[in-house]
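User: I would like to go through this model term by term. For each label, tell me the value and the cut-off behind it.

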Amino acid sequence: MDGNLVEKTGMKFKQGLAQSKLARYWRINKDSNGQGGEFFTETLCRTAKQHRRHDVAYITPELLPPSGNFTAFSQSFPLIAEVASPENSGEDLFTKAQEYLESGCQKVWLLFPEARLVFVNAAGQGWRLFNANEVVNTQIILPGFSIAVSELLAIIIC
């Protein structure tokens, strides 16, 4: 990261659950709209500064390579989400998000499962905070998608 080798321990339960739920909800919306494209988790993309590995991202059909095969996507994905884990500082996540936005990303979501908060930045519109009792949406990339933060970040143990 930024030219330094950084060892990561990976996500814990709440963070992994938030990552998988968001990818699933976004995919359901994409499939129901029939808009094509694909979702990825933990895939490399190239920003203006370096390679970055996002938590969840969506690539539109127009940007998807015909072969569907790449090691690192050549730019930031249009829609990216990062999930805060205990090893991430808020400052690091916002810096990473800004780097995505400066490299072609149209919308970034930052999920904070412990605090039950979601921050969203649509390129050029600044950050918007969504609390547990609010509904977050993305009309730019996934038209019609919305979800209650409380549902997205809920922990259900059976």
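User: How far does helix α1 reach from its first C-alpha to its last, and what is expected at 1.5 Å a residue?

Analyst: First, the ground rules. This is a predicted model, where local features need pLDDT of at least 70 and side-chain atom pairs count only at pLDDT 80 or more, while totals for chains, interfaces and linings use all residues. Residues are numbered from 1 along each chain as its sequence is written, and side-chain values use heavy atoms, with hydrogens and water left out. Now α1: residues 13-33, 21 in number, reach 30 Å, close to the expected 30 Å. The expected span is 1.5 Å times one less than the number of residues.

User: Why is the span of α2 said to agree with its twelve residues?

Analyst: Its end C-alpha atoms are 17 Å apart and 16 Å is what twelve residues should span at 1.5 Å each, so the two agree.

User: What makes a stretch count as a helix or a strand here, and how many of each does the protein have?

Analyst: Both are DSSP runs, numbered from the N terminus: H or I over at least four residues for a helix, E over at least two for a strand. By that rule the protein has three helices and eleven strands. Along the sequence they read α-β-β-β-β-β-β-α-β-β-β-β-β-α.

User: Why are β1 and β9 called edge strands?

Analyst: The open sheet has six strands in the order β1-β4-β6-β7-β8-β9, with mixed pairing. Each of β1 (38-40) and β9 (127-130) pairs on one side only. Pairing requires at least two DSSP bridges between two strands. Neighbouring strands in this sheet are turned by 15° against each other on average, direction ignored.

User: How do you know that β8 and β9 pair?

Analyst: Four bridges join β8 (residues 117-122) to β9, in the antiparallel sense. Two would do, so the pair qualifies. Asn-121 has Trp-127 as its bridge partner, and Val-120 has Arg-128. The two strands form a hairpin with four residues between them, and Gly-124 in the turn has a positive phi of about 85°.

User: Which strand does β10 join, and over how many bridges?

Analyst: β11 (residues 145-148), over four bridges, antiparallel. One bridge partner is Ala-148 for Val-135. Six residues separate the strands of this hairpin, where Gly-144 takes a positive phi near 85°.

User: What makes one face of β10 covered and the other uncovered?

Analyst: Val-136 and Thr-138 make up the covered face, Val-135 and Asn-137 the uncovered one. The general rule fits here: in a regular strand the side chains alternate between the two faces of the sheet.

User: Why is Asn-137 called partly exposed?

Analyst: Its relative accessible area is 27%. Buried means under 20%, exposed over 50%, and partly exposed in between (1.4 Å probe, protein chains only). At 27%, Asn-137 is therefore partly exposed. Beyond four places in sequence, Asn-137 touches Lys-107, Trp-109, Phe-145 and Ser-146. A touch is a contact, with heavy atoms within 4.5 Å.

User: Which residues of α2 count as buried?

Analyst: Leu-93, Lys-96, Ala-97, Glu-99, Tyr-100 and Leu-101. In α1 the buried set includes Ala-18, Leu-22, Tyr-25 and Trp-26. Over the 158 residues of the protein, 42% are buried.

User: How do the helices run against the sheet strands?

Analyst: α1 lies across β1, β4 (56-59), β6 (79-83) and β7 (107-112), at about 160° to β6. Helix α2 (residues 90-101) lies across β6, β7, β8 and β9, at about 165° to β7. Axes are lines fitted to C-alpha atoms, for helices over the stretch in contact, and angles run from 0 to 180 degrees between N-to-C directions.

User: What makes a group of residues a nonpolar core?

Analyst: The members are buried Ala, Val, Leu, Ile, Met, Phe, Trp, Tyr and Cys residues, joined through side-chain atoms within 4.5 Å. The largest such core has 24 residues, and Trp-26, Trp-109 and Val-136 are among those with the most contacts inside it. Its largest share, five residues, comes from α1. Val-136 is in contact with residues including Trp-109, Val-118, Phe-130 and Ile-147, its neighbours within four places set aside. Apart from that core lies another, of 15 residues, among them Phe-40, Ile-80, Leu-110 and Phe-119.
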